[in-house]
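Please open the model in your viewer, with the backbone drawn as a cartoon and side chains ready to be switched on. The stops below follow one another by selection.

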Amino acid sequence: MATVPELNCEIAAFDSEENDLFFEADGPQKMKECFQALDLGCPDESIQLQISQQHLDKSFRKAVSLIVAVEKLWQLPMSCPWSFQDEDPRTFFSFIFEEEPILCDSWDDDDLLVCDVPIRQLHCRLRDEQQKCLVLSDPCELKALHLNGQNINQQVVFSMSFVQGETSNDKIPVALGLKGKNLYLSCVMKDGTPTLQLESVDPKQYPKKKMEKRFVFNKIEVKTKVEFESAQFPNWYISTSQAEHRPVFLGNSNGRDIVDFTMEPVSS
């Protein structure tokens with residue numbers, strides 16, 4: 001290891017907790033010592049150590065780290081491609097620091113980490129193309145019927161969350177929850193048939209950016225109407241019957257069921 005020339009000043013005791021003067025107050029105001037590195041291949045260049053009488057707002061650990069870094073620089077067996085300038089400390093970095101790749105284990109799709117960012121939501125009401133409103137008739141069942149007058153307030157307000165999914169120009173993945181309730185529309189298989197249901201969820205866990213696929217619908221805009229296709233069961237849509245006061249269900253767009261809705265935004 002290269003030795004550092006003796007300094008012509010006395011080093012005072014350093015108190016790491018108080019951050020006093022690193023050098024004695026009556027020491028030299030400014031002193032320079034040249035470190036000549038003949039084995040670096042640049043005999044005409046030198047690194048200058050400058051010592052001045054200043055309060056150091058650094059810990060003893062940082063001072064030691066600097067000394068170790070300089071000693072490491074001395075031991076590098078390479079030619080000096082440039083001169084080190086006082087105003088350009090960045091020239092030291094490539095000598096002192098090394099890049100190391102960060103390796104991480106691969107995750108399954110279900111274990112992917114999702115950034116903790118606020119989920120964009122839209123509060124809205126939905127009516128089918130016959131202007132039937134959607135209401136909560138039973139604790140976990142939606143029905144479509146015509147409302148007027150004071151009854152218009154019975155229609156549910158959806159909290160539409162924009163979630164992860166297969167996004168395209170004409171399909172936007174969303175989840176449909178009932179505002180003020182811990183209920184979300186979900187699609188499951190019952191008796192061999194894709195079925196729409198209202199599922200109770202933990203309000204501490206939902207909504208979230210990566211919703212389970214049964215909760216995800218592809219919102220498709222058709223002129224002034226919107227359709228909601230199940231991500232779990234492609235070509236199956238949220239539907240209403242031509243008849244009055246019938247449950248909202250999951251249909252396969254056979255021409256008789258109503259799959260087109262108008263969306264009315266509601267201020268939160």
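Begin by selecting glutamine 131, which sits in the loop between S3 and S4. In this predicted model, glutamine 131 has a positive phi of about 70 degrees although it is not a glycine, and at 35% relative accessibility it counts as partly exposed.

From there, step back into strand S3 and select aspartate 128. Is aspartate 128 buried or exposed? With a relative accessible area of 0%, aspartate 128 is buried. Show its side chain, and you will find a polar atom of it 3.0 Å from the backbone nitrogen of glutamine 130, while a polar contact of 2.9 Å links the side chain of aspartate 128 to that of threonine 240. If sequence neighbours within four places are set aside, the contacts of aspartate 128 are Thr240, Ile258, Asp260 and Phe261.

Next, colour strand S4 (residues 133-138) and strand S5 (residues 141-145), which pair in the antiparallel sense over five bridges. A hairpin of two residues connects S4 to S5. Within this pairing, leucine 134 in S4 has alanine 144 of S5 as its bridge partner. Cysteine 140 can be selected here too, and at 45% relative accessibility it counts as partly exposed.

Stay on strand S5 and select leucine 142, which at 5% relative accessibility counts as buried. Which residues does leucine 142 contact once neighbours within four places in sequence are left aside? They are Val135, Leu136, Val156, Phe158, Leu178, Leu185, Leu198, Arg246, Pro247 and Val248. For a distance to display, take the C-alpha atoms of leucine 142 and leucine 196, which are 54 residues apart in sequence and 9.9 Å apart in space.

One of the contacts of leucine 142 leads to arginine 246, found in strand S13 (residues 246-247). Arginine 246 is partly exposed, with a relative accessible area of 44%. Its contacts, again without neighbours within four places in sequence, are Leu142, Lys143, Ala144 and Ser241. The C-alpha atoms of arginine 246 and alanine 144 are separated by 5.9 Å, although the two residues are 102 residues apart along the chain.

Another contact of leucine 142 is leucine 185. Beyond residues up to four places away in sequence, leucine 185 touches Leu142, Phe158, Leu176, Leu196, Gln197, Leu198, Arg214, Phe215, Phe217 and Ile238. Leucine 185 is also among the residues with the most contacts inside the largest nonpolar core, together with Phe158, Phe217, Phe228 and Ile238; this core has 25 residues. The elements that each give two or more residues to this core are strand S3 (121-128), S5, strand S6 (158-162), strand S7 (172-178), strand S8 (183-190), strand S9 (193-200) and strand S11 (225-230). Another core, of nine residues, lies apart from it and includes Val163, Val201, Tyr206 and Ala231. In soluble globular proteins, nonpolar side chains tend to be buried together.

Tyrosine 206 leads to a backbone feature, since the peptide bond from tyrosine 206 to proline 207 is cis, with omega near 0 degrees. Proline 207 is located in the loop between S9 and strand S10 (216-222).

Then move to the loop between S10 and S11 and select lysine 223, a residue other than glycine whose phi is positive, near 55 degrees. Lysine 223 is exposed, with a relative accessible area of 83%.

For a last local stop, select glutamine 155 in the loop between S5 and S6. Glutamine 155 is buried, with a relative accessible area of 6%, and its side chain reaches the backbone oxygen of isoleucine 152 at 3.3 Å. Residues up to four places away in sequence not counted, glutamine 155 touches Arg125, Arg127, Cys133, Leu134, Val135 and Leu147.

Finally, zoom out to the whole chain, whose secondary structure comes to two helices and 15 strands. Of its 268 residues, 33% count as buried, and the chain exposes about 18000 Å², with carbon and sulfur atoms supplying 49% of it. Among contacts in the chain with a separation of 6 or more, 51% are between residues 24 or more positions apart.

Technical notes. Residues numbered from 1 in each chain as written. Predicted model: local features only at pLDDT ≥ 70, side-chain atom pairs only at ≥ 80, totals over all residues. Heavy atoms only, no water. Helix = DSSP H or I, 4+ residues; strand = E, 2+ residues; numbered from the N terminus. Buried < 20%, exposed > 50% of the residue type's maximum accessible area, 1.4 Å probe, protein only. Contact = heavy atoms within 4.5 Å. Pairing = 2+ DSSP bridges. Core = buried A, V, L, I, M, F, W, Y, C linked by side-chain atoms within 4.5 Å. Areas by Shrake-Rupley, 256 points an atom, 1.4 Å probe, with all protein chains shown as cover. Polar contact = N/O pair within 3.5 Å; in protein donor to acceptor, adjacent residues only side chain to side chain.
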